[in-house]
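I set out to record what can be read from the surface charges, the helices and the overall fold of this protein. My entries follow in the order in which I looked things up.

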Amino acid sequence: MNDEMMARLGRPRESTQHASAVDRLIELASDEKPAQHPADIMASDMLAIEEPKSSEENAMWKALLQIKAVLPYVSRLLPLLDLGMGHAQSSGATHELRENVTALQATQRDLRVSVQDQTLQLKRVEENLTRMREVSEKNAFEHAELVEDVKSIGNLVRVVGAGLAILLIVLILMVGALLAHVSHY
(Lines give C-alpha, C1' and ligand atoms only; values in the text may rest on other atoms or scores of the structure.)
Protein backbone atom coordinates (compact mmCIF):
# COMPACT_ATOMS: atom_id res chain seq x y z
CA MET A 1 0.00 0.00 0.00
CA ASN A 2 2.91 2.38 0.73
CA ASP A 3 4.45 1.53 -2.65
CA GLU A 4 1.22 2.44 -4.39
CA MET A 5 0.98 5.73 -2.51
CA MET A 6 4.60 6.60 -3.32
CA ALA A 7 4.05 5.69 -6.96
CA ARG A 8 1.00 7.98 -7.04
CA LEU A 9 3.01 10.77 -5.53
CA GLY A 10 5.49 10.33 -8.36
CA ARG A 11 8.43 9.41 -6.15
CA PRO A 12 10.21 6.08 -5.92
CA ARG A 13 10.21 4.53 -2.47
CA GLU A 14 13.98 4.12 -2.14
CA SER A 15 14.80 7.80 -2.70
CA THR A 16 12.15 9.20 -0.36
CA GLN A 17 13.03 10.15 3.18
CA HIS A 18 10.54 9.79 6.02
CA ALA A 19 10.27 13.50 6.76
CA SER A 20 9.69 14.47 3.11
CA ALA A 21 6.93 11.87 2.74
CA VAL A 22 5.25 13.27 5.84
CA ASP A 23 5.60 16.80 4.48
CA ARG A 24 4.05 15.68 1.20
CA LEU A 25 1.13 14.04 3.03
CA ILE A 26 0.60 17.21 5.04
CA GLU A 27 0.56 19.25 1.85
CA LEU A 28 -1.97 16.87 0.33
CA ALA A 29 -4.12 16.96 3.46
CA SER A 30 -4.09 20.73 3.91
CA ASP A 31 -6.83 22.90 2.47
CA GLU A 32 -4.37 25.59 1.40
CA LYS A 33 -2.76 25.53 -2.02
CA PRO A 34 0.97 24.95 -1.42
CA ALA A 35 3.69 26.23 -3.70
CA GLN A 36 4.07 23.34 -6.10
CA HIS A 37 7.22 21.95 -7.56
CA PRO A 38 7.14 20.45 -11.05
CA ALA A 39 7.23 16.91 -9.62
CA ASP A 40 4.42 17.81 -7.24
CA ILE A 41 2.34 19.27 -10.07
CA MET A 42 2.69 16.03 -11.99
CA ALA A 43 1.79 13.98 -8.88
CA SER A 44 -1.21 16.18 -8.08
CA ASP A 45 -2.38 15.91 -11.69
CA MET A 46 -2.16 12.15 -11.36
CA LEU A 47 -4.13 12.26 -8.13
CA ALA A 48 -6.74 14.63 -9.51
CA ILE A 49 -7.32 12.53 -12.60
CA GLU A 50 -7.36 9.18 -10.91
CA GLU A 51 -10.56 8.18 -9.15
CA PRO A 52 -10.64 5.33 -6.64
CA LYS A 53 -11.60 2.23 -8.58
CA SER A 54 -12.34 -0.23 -5.83
CA SER A 55 -13.81 -0.08 -2.35
CA GLU A 56 -10.37 -0.87 -0.92
CA GLU A 57 -8.86 2.25 -2.50
CA ASN A 58 -11.89 4.27 -1.43
CA ALA A 59 -11.38 3.03 2.14
CA MET A 60 -7.74 4.08 1.95
CA TRP A 61 -8.71 7.60 0.88
CA LYS A 62 -11.28 7.78 3.66
CA ALA A 63 -8.62 6.73 6.17
CA LEU A 64 -6.22 9.36 4.82
CA LEU A 65 -8.91 12.02 5.10
CA GLN A 66 -9.56 10.98 8.71
CA ILE A 67 -5.93 11.42 9.71
CA LYS A 68 -5.76 14.77 7.92
CA ALA A 69 -6.26 16.67 11.18
CA VAL A 70 -3.48 14.75 12.94
CA LEU A 71 -0.80 15.16 10.28
CA PRO A 72 0.39 18.67 11.31
CA TYR A 73 0.99 17.44 14.85
CA VAL A 74 2.80 14.34 13.63
CA SER A 75 5.01 16.46 11.38
CA ARG A 76 6.00 18.59 14.37
CA LEU A 77 6.75 15.55 16.51
CA LEU A 78 8.89 13.66 13.99
CA PRO A 79 11.86 16.06 14.19
CA LEU A 80 11.77 15.73 17.95
CA LEU A 81 12.08 11.97 17.67
CA ASP A 82 15.03 12.22 15.28
CA LEU A 83 17.23 14.75 17.09
CA GLY A 84 20.37 12.78 16.47
CA MET A 85 20.50 11.24 19.91
CA GLY A 86 22.45 8.06 19.98
CA HIS A 87 20.87 4.82 21.07
CA ALA A 88 22.66 5.02 24.43
CA GLN A 89 21.34 8.51 25.11
CA SER A 90 17.87 7.48 24.02
CA SER A 91 17.89 4.38 26.22
CA GLY A 92 19.34 6.44 29.10
CA ALA A 93 16.54 8.97 28.72
CA THR A 94 14.04 6.13 28.51
CA HIS A 95 15.52 4.53 31.61
CA GLU A 96 15.38 7.86 33.45
CA LEU A 97 11.82 8.38 32.28
CA ARG A 98 10.88 4.91 33.54
CA GLU A 99 12.48 5.65 36.90
CA ASN A 100 10.55 8.90 37.13
CA VAL A 101 7.30 7.17 36.23
CA THR A 102 8.02 4.45 38.81
CA ALA A 103 8.73 7.10 41.44
CA LEU A 104 5.49 8.89 40.54
CA GLN A 105 3.56 5.63 40.78
CA ALA A 106 5.08 4.92 44.19
CA THR A 107 4.23 8.43 45.36
CA GLN A 108 0.69 8.06 44.04
CA ARG A 109 0.37 4.72 45.83
CA ASP A 110 1.61 6.29 49.09
CA LEU A 111 -0.82 9.17 48.69
CA ARG A 112 -3.68 6.77 48.01
CA VAL A 113 -2.81 4.79 51.17
CA SER A 114 -2.57 7.93 53.29
CA VAL A 115 -5.89 9.21 51.90
CA GLN A 116 -7.50 5.86 52.72
CA ASP A 117 -6.04 6.02 56.25
CA GLN A 118 -7.33 9.54 56.73
CA THR A 119 -10.73 8.53 55.41
CA LEU A 120 -10.81 5.65 57.88
CA GLN A 121 -9.77 7.96 60.72
CA LEU A 122 -12.46 10.47 59.74
CA LYS A 123 -15.07 7.70 59.80
CA ARG A 124 -13.91 6.66 63.26
CA VAL A 125 -14.04 10.26 64.51
CA GLU A 126 -17.51 10.61 63.03
CA GLU A 127 -18.65 7.40 64.77
CA ASN A 128 -17.18 8.65 68.07
CA LEU A 129 -18.96 11.99 67.67
CA THR A 130 -22.22 10.17 66.97
CA ARG A 131 -21.77 8.02 70.08
CA MET A 132 -20.87 11.05 72.21
CA ARG A 133 -23.92 12.93 70.92
CA GLU A 134 -26.13 9.95 71.77
CA VAL A 135 -24.59 9.68 75.27
CA SER A 136 -24.96 13.43 75.79
CA GLU A 137 -28.62 13.34 74.73
CA LYS A 138 -29.23 10.34 76.99
CA ASN A 139 -27.56 12.11 79.93
CA ALA A 140 -29.60 15.26 79.30
CA PHE A 141 -32.80 13.19 79.22
CA GLU A 142 -31.83 11.38 82.45
CA HIS A 143 -30.96 14.73 84.06
CA ALA A 144 -34.38 16.11 83.10
CA GLU A 145 -36.06 13.03 84.56
CA LEU A 146 -34.01 13.37 87.77
CA VAL A 147 -35.01 17.03 88.11
CA GLU A 148 -38.66 16.04 87.70
CA ASP A 149 -38.28 13.26 90.28
CA VAL A 150 -36.67 15.68 92.77
CA LYS A 151 -39.49 18.17 92.23
CA SER A 152 -42.14 15.50 92.73
CA ILE A 153 -40.38 14.22 95.89
CA GLY A 154 -40.19 17.82 97.14
CA ASN A 155 -43.93 18.25 96.57
CA LEU A 156 -44.58 14.90 98.28
CA VAL A 157 -42.47 15.94 101.31
CA ARG A 158 -44.43 19.20 101.54
CA VAL A 159 -47.77 17.38 101.34
CA VAL A 160 -46.69 14.78 103.93
CA GLY A 161 -45.28 17.55 106.19
CA ALA A 162 -48.55 19.49 105.94
CA GLY A 163 -50.51 16.30 106.71
CA LEU A 164 -48.30 15.55 109.72
CA ALA A 165 -48.67 19.12 110.93
CA ILE A 166 -52.46 18.81 110.68
CA LEU A 167 -52.36 15.47 112.51
CA LEU A 168 -50.11 16.96 115.21
CA ILE A 169 -52.53 19.83 115.67
CA VAL A 170 -55.46 17.39 115.84
CA LEU A 171 -53.53 15.25 118.36
CA ILE A 172 -52.73 18.28 120.49
CA LEU A 173 -56.38 19.33 120.43
CA MET A 174 -57.56 15.84 121.32
CA VAL A 175 -55.03 15.55 124.18
CA GLY A 176 -56.12 18.98 125.41
CA ALA A 177 -59.78 17.93 125.20
CA LEU A 178 -59.01 14.68 126.99
CA LEU A 179 -57.13 16.51 129.75
CA ALA A 180 -59.95 18.98 130.03
CA HIS A 181 -62.43 16.19 130.25
CA VAL A 182 -60.36 14.26 132.84
CA SER A 183 -59.86 17.39 134.93
CA HIS A 184 -63.66 17.84 135.17
CA TYR A 185 -64.18 14.61 136.86
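Entry 1, negative charge. I looked for clustered charges on the surface of this predicted model. I found that E142, E145, E148 and D149 gather there in a patch of negative charge. I then took one of these residues, E148, and placed it in helix 6. I noted E148 as exposed, because its relative accessible area is 58% and the cut-off for exposed is over 50%.

Entry 2, salt bridges. How many salt bridges does a search of the whole structure find? I recorded one. I identified the partners as E127 and R131, whose closest N and O atoms are 3.9 Å apart. I recalled that side chains of opposite charge can pair when their charged atoms come close. I located both E127 and R131 in helix 6, where they are four residues apart, about one turn of the helix.

Entry 3, exposure of the pair. Are E127 and R131 buried or exposed? I entered neither word, because partly exposed covers the range between under 20% and over 50%. I read a relative accessible area of 45% for E127, which is therefore partly exposed. I read 48% for R131, which is likewise partly exposed.

Entry 4, nonpolar surface. I next looked up nonpolar side chains on the surface. I found a patch of about 490 Å², made by L168, L171, I172, V175 and L179. I checked the place of L171 and found this residue in helix 6, which spans residues 87-184.

Entry 5, secondary structure. I counted six helices and zero strands in the protein. I wrote the order of elements from the N terminus on as α-α-α-α-α-α.

Entry 6, whole-protein values. What share of the 185 residues in the protein is buried? I entered 10%. I noted an accessible surface of about 15,800 Å², with 63% of this area belonging to carbon and sulfur atoms. I last looked up contacts between residues at least 6 apart in sequence, and 57% of these join residues at least 24 apart.

Key. Residues numbered from 1 in each chain as written. Predicted model: local features only at pLDDT ≥ 70, side-chain atom pairs only at ≥ 80, totals over all residues. Heavy atoms only, no water. Patch = residues over 30% accessible without salt bridge, like charges linked within 9 Å, V, L, I, M, F, W, Y side chains within 5 Å. Areas by Shrake-Rupley, 256 points an atom, 1.4 Å probe, with all protein chains shown as cover. Helix = DSSP H or I, 4+ residues; strand = E, 2+ residues; numbered from the N terminus. Buried < 20%, exposed > 50% of the residue type's maximum accessible area, 1.4 Å probe, protein only. Lys, Arg positive; Asp, Glu negative; His and termini not counted. Charge placed at Lys NZ, Arg CZ, Asp CG, Glu CD. Contact = heavy atoms within 4.5 Å.
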